Amino acid sequence: MLDVTLIISVGVALLLGYVLVNRKNKHQPLEPPLISSSIPVIGHLAAFIYYGLEYFASQSAKIPLPAFSLDMLFNKVYVIKSPELVSAVRRNHRSMSLEPLLTRTSECAGGITGPGLELLRGKESQGQGLGHHTVTTMRPTLLGQGLDEMNTKMMECVQKSVQELRTHRGTIDIYQWCTLAMTIASTDAIYGPLNPYKQRKVRDSYWEIENNLSYLMMDFAPWLIARKAWKGREYLSHAFLEYYEADGHLNSSQLAYTRWKTQLDGGARLEDIARLEAVMGLGILSNTVPSSYWAIFDLFSRPELLKQARDEIRQHAMSVNAEGLHTVDLAAVQEKCPLLLACLQETLRLRSNSAQLRVMFEDTMLGESCLVKAGSILLMPSAVINRSESAWGNDAESFDPQRFIDPEDRRTKASGFMSFGASPHICAGRHFATGEIIALMTMLILQFDICPVGGEWVEPPINVNAVAASLSPPIGQTPVNISEREEFKGVEWNYRLTPGKGRHGLIIG
Ligand code: HEM
């Protein structure tokens, strides 16, 4: 479990930066109750180091309060459990920031140091520098025309990977397959013909970083204690430097181009732009890949639901012409087949184990009776909030996609759904990722039967060291047999996208 500990280094490192300076030990009556530990002084910190983020979820289960405080020695952590307080956090977003975590990631996972890092950090307190500006300018590129263009390329790649399954013989590790298919589709759509991730060694370097991120985030002699991830980071950054030197970004997506331009105009060196793009892989891939795997797992392991989702698409979004060409209109899937998206959201709700982290800059009242103090850390664990009964009812623990179909109270549910984060830091890539997973699932459920070797879908253990992943990837293999469904064996498929239909009706926090 030592590895799990390292997860914490993300939080602890942040704390160290802010804590020692800002620590205020006195606990005030309006602050969430301070929970004592059986081991005085270091108990919570030691447990956090041992259990990682799971410690907050397990404490939350034991403590029947909407919020509580833990003295983590260096700093105070407020754990927010209730959707009502999440709404208050959103309303008070100006007194807190996610930026310190993003800057820290650029430093540790990207290797950006010195003036380049200062440029990203910007204004000392709130981190409104180039890092923040780069995220802000990329948001519009993940909507509208920019999204449409990426979706077109992404669809081509997903379809190619799926069609290759038709001739595949023997078993396949479905997680490995998702990893390759989604990595190629996502990055080709973003980086264009010179996409560095086309090279096997670049992909391997990225996954080396991803799988050992917790070690890199310790930022202690990474060349020694996180050697493979550190070498991966250097290789990936260098590959991006070559990409820019070859003008790859001039023939890429609006997203890749805008990120490069914003940083160039902001005074960043090309080497640091390349390093930041290596970090961007964490945003692009670390969630999309495991989410696609769990979406397959959760739907194919429920034959009744699978049949309903398949029938819905066949009825409302598929047509066959005189030549026998089967066309599936993904805009119709979006508009007339709500079950598939509902299944994906239910997977995201129940599988997400991220914790949205904010550093407090000002003393703030959340609602009328919850005081959070400057210099502290606010944590909103999605594994807890996503299962809260006040948002989802007393069957919150069970997998029921119906709760996302025409939900009566979107606002309450939004505060109980943290899988894409919390406003104003809601995931910028959610429509792109959703479109990609929905396209993949549509193709798979229409065309294939997927059966695990041994006949049972057995829940695999998860890799808690992949700390950038909201939905932890599985450890080990998930071998399955994939066969073309008799009903459509040998037919030709055409999947159609409609410009302007790239946004999905997601519930977001
Ligand atoms: C299923 C896939 C995905 C999931 C579950 C996911 C989840 C998240 C979460 C939990 C956050 C943190 C928000 C917070 O702290 O409140 C986030 C932020 C972010 N995500 Fe995603 N993400 C996914 C895919 C993507 C993709 C494909 C991209 C880019 C193409 C992307 C870009 C971003 C960016 C830029 C942010 C930072 C937003 C900000 O700081 O304002 N994400 N995402």
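The following paragraphs describe the domain arrangement and the ligand surroundings in a predicted model.

The protein chain is assigned two domains, with domain 1 covering residues 4-111 and domain 2 formed by the segments 130-354 and 387-496. A distance of 29 Å separates the C-alpha centres of domain 1 and domain 2. Their contact involves 23 residues from domain 1 and 29 residues from domain 2.

About 2,300 Å² is buried between domain 1 and domain 2, and carbon and sulfur atoms account for 66% of this area. No salt bridges were counted between the two domains, whereas seven residue pairs in polar contact were found across their interface, both residues of each pair being at pLDDT 80 or more. On the side of domain 1 that touches domain 2, two or more residues are contributed by each of α1 (2-22), α4 (83-91) and α5 (99-110). Of these elements, α5 provides the largest share, with eight residues. By class, this side of domain 1 comprises ten nonpolar, seven polar and six charged residues.

The ligand is surrounded by 23 residues, of which Arg139, Arg358, Ala422, His425 and Cys427 come nearest. Polar side-chain atoms of two arginines approach ligand oxygen atoms: the distance is 2.7 Å for Arg139 and 2.6 Å for Arg358. In the case of Gly283, a backbone N or O atom is placed 3.3 Å from a nitrogen atom of the ligand. At least two residues of the shell are supplied by each of α7 (130-138), α15 (270-285), α16 (288-300) and β7 (355-360). The largest share, three residues, belongs to α15. The composition of the shell is eleven nonpolar, ten polar and two charged residues.

Technical notes. Residues are numbered from 1 along each chain as its sequence is written. This is a predicted model: local features need pLDDT of at least 70, side-chain atom pairs count only at pLDDT 80 or more; totals for chains, interfaces and linings use all residues. Side-chain values use heavy atoms; hydrogens and water are left out. Domain bounds come from an automatic or database domain assignment. Contact means heavy atoms within 4.5 Å. Buried area is the accessible area (1.4 Å probe) that two parts lose on being put together, summed over both. A salt bridge is a side-chain nitrogen of Lys or Arg within 4 Å of a carboxyl oxygen of Asp or Glu. A polar contact is a pair of N or O atoms within 3.5 Å; within protein, one must be able to donate a hydrogen and the other to accept it, and residues adjacent in sequence count only if both atoms are side-chain atoms. Helices (H or I, at least four residues) and strands (E, at least two) are DSSP runs, numbered from the N terminus. Ala, Val, Leu, Ile, Met, Phe, Trp, Tyr, Cys and Pro count as nonpolar, Asp, Glu, Lys and Arg as charged, and the others, Gly among them, as polar. A residue is near a molecule or strand if one of its heavy atoms lies within 4 Å of it.
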